[in-house]
Amino acid sequence: MPGPLIQVEQHPEVGCNVGLSGRWTLAAIADEAATLGRQLAEHGRDEDATWDCLGIEALDSAGAMLLWRAWGRALPELLLARPEHLRIFERIDAADHEPPPAPPPRSLLDPVITVGAAAIGFWRQVVDFVALLGQIVLDCLHLLRLPGDLPRREISANLYKSGVRAMPVTALVGFLIGIVLSYLSALQLRNFGADVFIVNILGMGIIRELGPVLVALLVAGRSGSAMTAQLGVMRVTEEIDALATMGVSRSLRLVFPKVVALAIAMPLLTLWTTAIALVGGMVSAQLQLDISYGFFLQTLPRAVPAANLWIGLAKGLVFGILIALVACHFGLRVRPNTESLSANTTASVVTAITLVIIADAIFAVATRGIGLPRAI
Amino acid sequence: MSESVISVRDLYTRFGEVWVHQGLNFEVAAGELVALVGGSGSGKTTLLRQMIGLLTPTRGEIRIFGEPLFGGGVARERALRRRFGVLFQHGALFSAFSVFDNIAFPLRELKRFDEGTIHDLVMLKLEMVELLPRHGDLMPAELSGGMVKRVALARALALEPELLLLDEPTSGLDPDRSDAFVRLTRTLGRELGLTVLLVTHDLDTLAALATRVAVLAEHRILAYDSIDKVIRVDHPFIRNFFLSERSSRALQNTHHR
């Protein structure tokens with residue numbers, strides 16, 4: 001199949017004759033579109049040129065567009081073409097619109113506008129988040145009046161998905177962190193001959209701080225993203241609208257169970273992970289410093305006052321509620337396209353982790369006088 | 001070209017324990033507009049997906065433009081796939097792109113045209129499917145069902161295919177929109193010299209569009225002929241499908257048109 005051909009004959013008295021032949025289809029011109037465009041443009045400016053297109057075997061809109069652009073968006077005065085090819089040019093003429101004007105030049109105010117838009121966007125997020133929180137409170141009041149509306153099945157399902165199914169991974173991570181922490185502390189403590197204080201370090205560190213935060217990070221990545229994606233897809237497929245038309249409150253049926261489930265699951269997971277991490281630390285301490293399991297277990301209650309456990313569990317509760325609320329907040333913001341889904345899922349996890357760390361800092365300051373062992 | 005555009009020989013497909021196709025043979029000649037009909041679950045869409053290389057048959061051979069779909073290197077496979085356009089049932093527009101970018105996508109993937117040419121070509125495709133230039137800025141989520149199909153058709157036509165495959169082109173459209181879309185497909189098919197294969201169970205579409213009708217039932221092509229001849233075939237499925245009251249009304253209407 002012959003590709004596109006251009007033959008130019010110069011006639012001194014009538015101007016040049018441009019003969020086009022071969023196949024002017026997308027497949028045929030694609031590889032040399034730029035070269036052909038340049039060759040055609042040379043003659044396109046020549047008003048006396050005769051364009052002989054009778055030799056063209058096949059012409060599609062891509063080929064025709066190439067010619068059209070070379071001719072300066074109008075048929076040349078001297079044109080020989082088959083009627084079926086002329087129809088293609090008529091179609092192009094009908095559809096021809098100048099490219100849109102270039103975007104307006106940048107103004108000095110642009111940075112201000114960008115910052116302002118970001119601030120307004122942030123403010124809207126805060127307002128939406130507070131509204132969601134308020135809705136949950138209203139749901140709680142509603143449930144106090146009508147306890148029969150409690151979405152038991154959803155709560156139970158969420159508890160299983162984000163609580164029970166998270167146990168293996170949190171245990172594994174907790175155990176390994178316990179070992180690592182114990183091993184590194186042991187290296188230092190041995191230098192000072194302060195071997196027995198490994199129990200204090202592990203107990204305080206893991207029960208009060210590391211356990212809850214570690215679980216929160218894992219759950220934010222695991223369940224937070226899943227919740228956002230689930231709500232997001234339900235928005236995309238109009239399932240949330242379908243719920244609304246059936247008179248089912250989306251916050252009571254979708255958001256509330258998730259918040260309650262994580263509020264229950266997170267303290268329990270914290271307890272579980274803390275225990276496993278302590279076991280890991282205990283094993284490592286025994287291997288490194290020869291501290292027996294019995295001694296470790298006996299010393300632990302004396303080294304770590306029980307208040308620390310309650311602080312750890314309270315952190316778990318707060319972190320759980322935060323993660324679920326953030327996940328639902330971003331899930332309900334998803335607009336029906338794939339880009340928005342991925343952006344909101346990312347934002348959900350990042351925001352949840354950030355908020356967890358901020359809440360942890362607030363906890364540290366607020367509880368600074370509670371649960372610390374008396375100076376020896 | 002005497003070679004068939006689509007040729008399916010001795011095709012067997014199995015999903016688990018269920019045979020979908022058994023010894024199916026099917027040819028589509030160039031320039032034809034063939035409607036593939038059949039009951040739900042008869043394997044129409046499966047057959048279409050096999051023709052465009054999304055599924056591989058258990059046994060048998062499918063050739064498009066006389067060439068096998070797989071093998072022979074990436075460049076050959078890609079060149080072959082650019083010769084046909086597909087309109088998916090729900091449009092399958094890229095939801096993160098605007099209408100303009102959706103149609104421009106295959107052209108940009110070619111990496112042969114400058115943005116100016118691509119812009120002009122996209123505007124031309126929009127006009128072909130009877131949409132306005134300003135529709136190019138819309139996002140797929142903002143489109144009505146009929147517009148989604150039109151944009152999807154424009155995208156399918158972007159690379160100037162010789163063969164167009166349509167999966168349920170009128171599903172989800174009201175009769176008016178559906179009529180308009182059918183008319184559009186017919187006009188474009190004629191004007192661009194396309195070979196068209198459409199999967200449908202909408203008799204209005206079928207009677208108005210198709211030059212030939214293929215009936216897929218009992219794991220094979222039961223009848224393959226012009227619609228007047230197909231409805232005379234004596235088979236329980238065909239009687240049910242074409243000669244129910246609603247169907248004959250649809251067919252009558254077309255004769256009056």
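Analyst: A salt bridge here is a side-chain nitrogen of Lys or Arg within 4 Å of a carboxyl oxygen of Asp or Glu. This is a predicted model, so local features need pLDDT of at least 70 and side-chain atom pairs 80 or more, while totals for chains, interfaces and linings use all residues. Side-chain values use heavy atoms, without hydrogens or water, residues are numbered from 1 along each chain as its sequence is written, and chains are lettered from A and ligands numbered from 1 in the order written.

User: Which side chain does K315(A) meet in a salt bridge?
Analyst: The closest approach in this pair is 2.9 Å, N to O. It links helix α12 of chain A to helix α13 of chain A, with the two residues 45 apart (helices are DSSP runs of H or I, at least four residues, and strands runs of E, at least two, numbered from the N terminus). K315(A) is buried and its partner is buried too (buried is under 20% relative accessible area, exposed over 50%, partly exposed in between, with a 1.4 Å probe and protein chains only). That partner is D360(A).

User: D128(A) and R333(A) also meet in a salt bridge; how many residues apart are they?
Analyst: D128(A) belongs to helix α5 of chain A, residues 110–145, whereas R333(A) is in the loop between α12 (307–332) and α13 (338–366). D128(A) is partly exposed because its relative accessible area is 37%, and R333(A) counts as partly exposed at 29%. The N-to-O distance is 3.1 Å, and along the chain the separation is 205 residues.

User: In chain B, what is the distance between the closest N and O atoms of R9(B) and E27(B)?
Analyst: R9(B) sits in strand β1 (residues 6–15) and E27(B) in strand β2 (residues 18–28), 18 residues apart. With relative accessibility of 41%, R9(B) is partly exposed, and so is E27(B) at 29%. Their closest N and O atoms are 3.6 Å apart.

User: How many salt bridges are there over all chains?
Analyst: Some of them share partners: E67(B), R76(B), R83(B) and E162(B) are joined into one network. Over all chains the count comes to 19.

User: Let's turn to the interior. Which helix gives the largest share of the largest nonpolar core?
Analyst: That core has 85 residues, and L20(A), W24(A), L153(B) and F242(B) have the most contacts inside it (a nonpolar core joins buried Ala, Val, Leu, Ile, Met, Phe, Trp, Tyr and Cys through side-chain atoms within 4.5 Å). The largest share, 8 residues, comes from residues 145–157 of chain B, helix α5.

User: How many residues does the second core have?
Analyst: This core is separate from the largest one. Among its members are F129(A), L243(A), L252(A) and L269(A), and the total is 38 residues.

User: How many residues of helix α1 of chain B are buried?
Analyst: The helix covers residues 44–51 and is followed by G53(B), whose phi is positive, near 85°. The buried residues are K44(B), T46(B), L47(B), L48(B), Q50(B) and M51(B). The helix is therefore largely enclosed by the rest of the structure, its buried count being 6 of the 8 residues.

User: Which are the edge strands of the open sheet in chain B?
Analyst: The sheet has 6 strands in the order β6-β7-β8-β3-β9-β10, with mixed pairing (two strands pair if DSSP finds at least two bridges between them). Each edge strand pairs on one side only, and these are β6 (84–87) and β10 (220–225).

User: Which residue stands opposite A35(B)?
Analyst: Strand β3 of chain B (residues 33–37) runs parallel to β9 (residues 212–217), and 4 bridges join the two. Opposite A35(B), in β9(B), stands V213(B).
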